[in-house]
Amino acid sequence: MTERALRLGTRRSKLAMAQSGQVARAVEAVTGRSVELVEITTYGDVSREHLAQIGGTGVFVAALREALAAGEVDFAVHSLKDLPTTQPAELALAAIPKREDPRDVLVARDGLTFDRLPEGARIGTGSPRRAAQLNAYARAHHTRIETVPIRGNVDTRIGYVRSGELDAVVLAAAGLNRMGRSAEVTDFLSVDFVLPAPGQGALAIECAADDAALIAQLAELDDPETRAAVTAERSLLAALEAGCSAPVGALADLLGDGQDVNEMRLRGVVGTIDGATLVQLSTTGPVPTSHGDAIALGRELASEMLAKGAAGLMGERAS
């Protein structure tokens, strides 16, 4: 008897469908079972408010998690940066596959790079984190930009540039890569001046915590280096008591000479949206060999950032 198809819960956006389609193929390869996509609309998809107003944290994942808990789907795929840092006991983060490019990118009119944008350029982003760092970079280089809050899917955002309403928009490289649209990028923003959101570029595959057989199969898609890096980044976010719409950037990367990777560097930034004040620090330690080690690295950097005044820069603290 053939086993029934596994049901994968996904958001309906083109990006979510592209991501989930890639995961579905990988899951079919490791389980030998077919996977069907179950489209679920989340509050974040239908609300037209800005993410900071609707809470940011969890608005794209709550409906998927409810479907999992109700047994309507067997597993769900999320953009990791959308996941709240607290993991519900009834759900398991079964796999974090190898991370895509974590950088932010610019899609600008006339093929412009960030440095060639005109004085006073209007740049669209729905992210306080991006706005804070772009404004800080512009201030440091004695140029003026205007960050304009926007919402919407990739087509909507890029449409603002095509229509001439905005000079540029900032998006995640990973999303455009997964959608096969990286040719539209006009500039890759170096992580040396725009740190990505914690977990950016990584996907999270979640299933019921009591489904041991499925957890074991999905675990074959897990990438231990990506998991260690994003665990450290998310630990920093949690220790700052900030939600995923707070102006916090973080990136953990592995350091070493070619073959021998022996250290992990974690960088973090918090800033005011106007870019007038940034707290940006980094710490380096041995590559975490356990979940606890990765958590500790994030907490250590968070405490240093809080000591430098990070708490006062985040506006509303997450409850």
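**Close-up 1. Helix α1 and the elements around its buried residues.** The buried residues of helix α1 are A16, A18, Q19, S20, G21, V23, A24, V27 and T31, as seen here in a predicted model. These buried residues pack against the strands β1, β2 (35-39), β3 and β10, and also against the helices α7 (173-178) and α8. Helix α1 covers residues 14-31, and its 18 residues, at 1.5 Å a residue, should span 26 Å, which agrees with the 25 Å that separate its end C-alpha atoms. The residue that follows α1 is G32, and its phi is positive, near 75°.

**Close-up 2. Helix α4 and the strands that its buried residues meet.** Helix α4 runs over residues 62-69, and its buried residues are A63, L64, R65, A67 and L68. The buried residues of α4 pack against four strands, namely β1 (6-10), β3 (75-79), β4 (91-95) and β10 (203-208). Of these strands, β1, β3 and β10 also appear in the list of elements against which the buried residues of α1 pack. Just after α4 comes G71, which takes a positive phi of about 75°.

**Close-up 3. The aromatic cluster of F114, Y137 and F193.** The structure holds three aromatic pairs, and the residues F114, Y137 and F193 form one aromatic cluster. A pair of aromatic rings is described by the distance of the centres and the angle of the planes. F114 and Y137 form an edge-to-face pair, with 5.4 Å from centre to centre and 65° between the planes. Because F114 lies in the loop between β5 (104-108) and β6 (121-124), whereas Y137 belongs to helix α5 (residues 128-140), this pair ties together parts that are 23 residues apart in sequence. The rings of F114 and F193 have their centres 5.7 Å apart and their planes at 45°, so this second pairing is tilted. The pair of F114 and F193 links distant parts of the chain, since F193 sits in the loop between β9 (187-189) and β10, 79 residues apart from F114 in the loop between β5 and β6. F114 and Y137 are both buried, and the relative accessible area of F114 is 6%. F193, at 19% relative accessibility, also counts as buried, because the cut-off for a buried residue is under 20%.

**Close-up 4. D223 in the loop between α8 and α9.** D223 is found in the loop that joins α8 (212-218) to α9 (224-239). Although D223 is buried, it has no salt bridge, and the nearest side chain of opposite charge, that of K98, is 4.8 Å away. A salt bridge would need a distance within 4 Å, so the separation of D223 and K98 does not qualify. The side chain of D223 does make a polar contact with the side chain of T226, at 2.6 Å. When residues up to four places away in sequence are not counted, D223 touches I96, P97 and K98.

**Close-up 5. S235 in helix α9 and its contact with I295.** S235 lies in helix α9, and at 6% relative accessibility this residue counts as buried. The side chain of S235 reaches the backbone oxygen of I295 at 2.6 Å. Leaving aside residues up to four places away in sequence, S235 touches A294, I295, G298 and R299, so that I295 appears both among the residues touched and as the partner of the side chain of S235.

Definitions and conventions
Residues numbered from 1 in each chain as written. Predicted model: local features only at pLDDT ≥ 70, side-chain atom pairs only at ≥ 80, totals over all residues. Heavy atoms only, no water. Helix = DSSP H or I, 4+ residues; strand = E, 2+ residues; numbered from the N terminus. Buried < 20%, exposed > 50% of the residue type's maximum accessible area, 1.4 Å probe, protein only. Lys, Arg positive; Asp, Glu negative; His and termini not counted. Polar contact = N/O pair within 3.5 Å; in protein donor to acceptor, adjacent residues only side chain to side chain. Contact = heavy atoms within 4.5 Å. Phe/Tyr/Trp six-rings, centres within 6.5 Å; stacked < 30°, edge-to-face > 60°. Expected span 1.5 Å × (residues − 1).
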